[in-house]
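Subject: Structure handover

Dear colleague,

Here is the structure I said I would pass on. My notes on it come after the file.

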Amino acid sequence: MPRTIAMFCCLLVGLPTLAAPPSMERLIPAAGQSGTDFVVNVTGSGLERVSQVLFYDASVRCTKISALSDSELQLTLQSDAAALPGPRSFRVQSPEGLSELLVVSLTAFPTAAEREDNNSLETAQTISLNTTVVGTLEDGDADCFRVTLRQGQRLSVEAEAIRAGGAMFDAVVNVFSPDGTWLRSVDDTFATQQDPWLSMTAATTGDYVIQIHETSFEGGEANRYALHIGDFPRPAMAWPPGASADQQL
């Protein structure tokens, strides 16, 4: 019996080691602007030998792959100017195989990275209307952004959080008036489920603050978001919901 075990061990030693395919855990930022080149950083494992990025949409492509380590990859992405906003799925490939899917979103607006400390109404980060803010919510975090509105001007806000694919991230969006009054709070919605959105009209001219946080104020590195803030129209629904095949709506 000992001789049999010894022979078996020798055979195992002679077998080639099978490396695991690359794995992508998360990427930052969650979005980039259509028609531009932008950089995302991917964290995972087995990334050092990645040679190709495979998108499932021809409007986005990878123009440069930089392996910073076996656990971090920097990708330069390029999208067509006519590419519609929304999520784009992709995988990376190495000699060992294909990774799982990750998602990056395209936005019609310029992007701005959230800057700390922006956790209170007083320290809210000032941004321009029609901007997509990309950031991450750590544990206990609440990010605040200040925009200037005229009386009667529309304010639309939409969060891509759980749709960003990084975590089971249930976001809440709040809006505060120029005098600090809590005007709106949106958690789940019928259209985008855990990703909140709202559209309202400014009652007075001044600086309004938009706040985003996780519903239980939990967070982490995977809680990344793209927060679209502007005066764009955001329809709530289409009516009627349908018609017969021979009818024009």
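What follows is a list of findings, grouped by region. Please keep in mind that this is a predicted model.

Sheet of five strands

One open sheet has five strands in the order 10-12-19-14-17, and its pairing is mixed. Strand 10 (111-113) and strand 17 form the edges, each pairing on one side only. From one strand to the next the twist averages 20 degrees. Within this sheet, strand 12 (residues 131-136) and strand 19 (residues 224-230) are antiparallel and share six bridges. One position to look at there is Gly135, which stands opposite Tyr225 in strand 19.

Strand 13 and its partners

Strand 13 (residues 142-149) is largely enclosed by the rest of the structure, because seven of its eight residues are buried. Two pairings of this strand are worth listing. With strand 11 (residues 125-126) the sense is parallel, over two bridges; here Thr126 has Arg146 of strand 13 as its bridge partner. With strand 18 (residues 206-214) the sense is antiparallel, over eight bridges. In that second pairing, Cys144 is matched with Gln211 in strand 18.

Cysteines

How many disulfides does a search of the whole structure find? The result is zero. As for individual cysteines, Cys144 has a relative accessible area of 0% and is therefore buried. Cys62, at 23%, is partly exposed, because the partly exposed class starts where buried, under 20%, ends.

Strand 4 and strand 7

Strand 4 (residues 52-55) has two unlike faces: Val53 and Phe55 are on the covered one, Gln52 and Leu54 on the uncovered one. This fits the general pattern that side chains in a regular strand alternate between the two faces of the sheet. Strand 4 runs antiparallel to strand 7 (residues 86-94), and four bridges join them. Val53, from the covered face, has Val92 as its bridge partner in strand 7.

Aromatic pairs

The count of aromatic pairs comes to two. One is formed by Phe55 and Phe90, with 5.1 Å from centre to centre and 35 degrees between the planes, a tilted arrangement. This pair links distant parts of the chain, since Phe55 is in strand 4 and Phe90 in strand 7, 35 residues apart. Are these two residues buried or exposed? Phe55 is buried, with a relative accessible area of 16%, and Phe90 is buried at 0%.

The other pair is Phe109 with Phe232. Their ring centres are 5.6 Å apart and their planes meet at 40 degrees, so this pair is tilted too. Phe109 lies in the loop between strand 9 (102-107) and strand 10, while Phe232 lies in the segment after strand 19, so the pair ties together parts that are 123 residues apart in sequence. Both Phe109 and Phe232 are buried.

Arg26

Arg26 sits in strand 1 (residues 23-28). Is this arginine buried or exposed? Its relative accessibility is 17%, so Arg26 counts as buried; the cut-off is 20%. The side chain of Arg26 makes a polar contact, at 2.3 Å, with the side chain of Glu221. Apart from neighbours within four places in sequence, Arg26 is in contact with Asn41, Val42, Thr43, Leu102, Glu221 and Ala222.

Loop between strands 16 and 17

Two residues in this loop, which runs between strand 16 (182-186) and strand 17 (197-201), were looked at: Thr192 and Gln194.

Thr192 counts as buried, at 11% relative accessibility. Its contacts, not counting residues up to four places away in sequence, are Glu158, Arg163, Trp197 and Arg234. Thr192 and Glu158 are 34 residues apart along the chain, and their C-alpha atoms are separated by 9.5 Å.

Gln194 counts as partly exposed, at 27% relative accessibility. Leaving aside neighbours within four places in sequence, Gln194 is in contact with Ile162, Phe169, Asp170, Ala171, Asp187 and Asp188. Between the C-alpha atoms of Gln194 and Val172, which are 22 residues apart along the chain, the separation is 8.4 Å.

Regards

Technical notes:
Residues numbered from 1 in each chain as written. Predicted model: local features only at pLDDT ≥ 70, side-chain atom pairs only at ≥ 80, totals over all residues. Heavy atoms only, no water. Buried < 20%, exposed > 50% of the residue type's maximum accessible area, 1.4 Å probe, protein only. Pairing = 2+ DSSP bridges. Polar contact = N/O pair within 3.5 Å; in protein donor to acceptor, adjacent residues only side chain to side chain. Contact = heavy atoms within 4.5 Å. Axes fitted to C-alpha atoms, helices over the stretch in contact; angles between N-to-C directions. Phe/Tyr/Trp six-rings, centres within 6.5 Å; stacked < 30°, edge-to-face > 60°. Disulfide = S-S within 2.5 Å.
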